[in-house]
Amino acid sequence: MPKGEGKVLAQNKKASHDYFIEETYEAGIVLQGTEIKSIRAGRVNLRDSFARVEKGEVFVYGMHISPYEQGNRYNHDPLRPRKILLHKKEIDRLAGVTKEKGYALIPLKIYIKNGYAKVLLGVGRGKKNYDKRESLKRKEAAREIERAFKARQH
């Protein structure tokens, strides 16, 4: 199965609006206790999350995984930093890229692949306001063209 494919449970739609995504990495994620049950139920939010390379390890911050309803005392802190599992070469490459000004490591989506929770990390370069406006114009133009074709076919 190619990277990024599987049962998508959460997606960071704002990421493509705020960043130019240049490359992506598929990685495992270290979870505790009932977190996987909450993720499988789709109770995960990536909106304000980001990843950082620290001491040769990658951690994701701001990823909200809601507490599991039947978890009682075994539940977890919803916003705790979570370790991302990558190969050493990939971590070294990401460390070099993210040190450059304007680059960030953003979780794009969480999905289940072969029974394991995976996160798709994107290396993104921040967009300026005029870039965001340009992207919106292109999207709107494409939508208008699509509407025109549909109207013409009917």
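This report describes the nonpolar cores, salt bridges and aromatic contacts of a predicted model.

## Nonpolar cores

The largest nonpolar core has 25 residues. Within this core, the members that touch the most other members are Val-58, Met-63, Ile-84 and Leu-86. Several elements each supply at least two residues of this core: the strands β1 (7-11), β2 (19-29), β5 (57-61), β8 (103-113) and β9 (116-126), and the helix α3 (88-99). The largest share comes from β9, with four residues.

Val-58 shows what surrounds one of these core members. Not counting residues up to four places away in sequence, Val-58 touches Ala-51, Arg-52, Val-53, Arg-82, Lys-83, Ile-84, Leu-86, Ile-91, Leu-105 and Leu-121. Apart from the largest core there is a second, separate core of five residues, and among them are Ala-15, Ile-106, Leu-108 and Tyr-111.

## Salt bridges between distant parts of the chain

The structure holds nine salt bridges. One of them joins Lys-132 to Asp-18, with the closest N and O atoms 3.3 Å apart. Lys-132 lies in helix α4 (residues 129-153) and Asp-18 in helix α1 (residues 13-18), so this salt bridge ties together parts that are 114 residues apart in sequence. Asp-18 has a relative accessible area of 22% and is partly exposed, because buried residues must be under 20%.

Another salt bridge is formed by Glu-23 and Arg-93, whose closest N and O atoms are 3.1 Å apart. Glu-23 belongs to strand β2 and Arg-93 to helix α3, and the pair links distant parts of the chain, 70 residues apart. Both partners are partly exposed: Glu-23 has a relative accessible area of 24%, and Arg-93 has a relative accessibility of 46%.

## Glu-35 and its partners

Glu-35 is found in helix α2, which covers residues 35-40. Glu-35 forms a salt bridge with Arg-80, where the closest N and O atoms are 2.8 Å apart. The side chains of Glu-35 and Arg-80 are also listed as joined by a polar contact of 2.8 Å. Arg-80 is in the loop between β6 (64-65) and β7 (82-85), and the two residues are 45 residues apart, in distant parts of the chain.

Is Glu-35 buried or exposed? Glu-35 is buried, with a relative accessible area of 0%. Arg-80 also counts as buried, at 14% relative accessibility. Leaving aside neighbours within four places in sequence, Glu-35 is in contact with Val-30, Ile-65, His-76, Asp-77, Arg-80 and Arg-82.

## Arg-82 in the network

Which residues are linked with Glu-35 in a network of salt bridges? They are Arg-80 and Arg-82. Arg-82 has its place in strand β7 and counts as buried, at 0% relative accessibility.

The side chain of Arg-82 has polar contacts with backbone oxygens too. The side chain reaches the backbone oxygen of Met-63 at 2.9 Å, and a polar atom of the side chain lies 2.9 Å from the backbone oxygen of Arg-80. Met-63 is one of the residues named above for touching the most other members of the largest nonpolar core.

Leaving aside neighbours within four places in sequence, Arg-82 is in contact with Ile-29, Val-30, Leu-31, Glu-35, Val-58, Phe-59, Val-60, Met-63, Ile-65, His-76 and Asp-77. Val-30, Ile-65, His-76 and Asp-77 are also among the contacts of Glu-35.

## Aromatic contacts

A pair of aromatic rings is described by the distance of the centres and the angle of the planes. A search of the whole structure finds one aromatic pair. The rings of Phe-50 and Tyr-61 have centres 5.5 Å apart and planes at 25°, so the pair is stacked; the cut-off for stacked planes is under 30 degrees.

Phe-50 is in strand β4 (residues 50-54) and Tyr-61 in strand β5, and the two are 11 residues apart. Phe-50 counts as partly exposed, at 33% relative accessibility. Tyr-61 has a further neighbour in Arg-52, which lies over the face of the Tyr-61 ring at 5.5 Å from the ring centre. Arg-52 is also one of the residues that Val-58 touches.

Notes: Residues are numbered from 1 along each chain as its sequence is written. This is a predicted model: local features need pLDDT of at least 70, side-chain atom pairs count only at pLDDT 80 or more; totals for chains, interfaces and linings use all residues. Side-chain values use heavy atoms; hydrogens and water are left out. A nonpolar core is a set of buried Ala, Val, Leu, Ile, Met, Phe, Trp, Tyr and Cys residues joined through side-chain atoms within 4.5 Å. Buried means under 20% relative accessible area, exposed over 50%, partly exposed in between (1.4 Å probe, protein chains only). Contact means heavy atoms within 4.5 Å. A salt bridge is a side-chain nitrogen of Lys or Arg within 4 Å of a carboxyl oxygen of Asp or Glu. Rings of Phe, Tyr and Trp (its six-membered ring) pair if their centres lie within 6.5 Å; planes under 30 degrees apart count as stacked, over 60 as edge-to-face and the rest as tilted. A charge sits over a ring if NZ of Lys or CZ of Arg is within 6 Å of the ring centre and within 35 degrees of the ring normal. A polar contact is a pair of N or O atoms within 3.5 Å; within protein, one must be able to donate a hydrogen and the other to accept it, and residues adjacent in sequence count only if both atoms are side-chain atoms.
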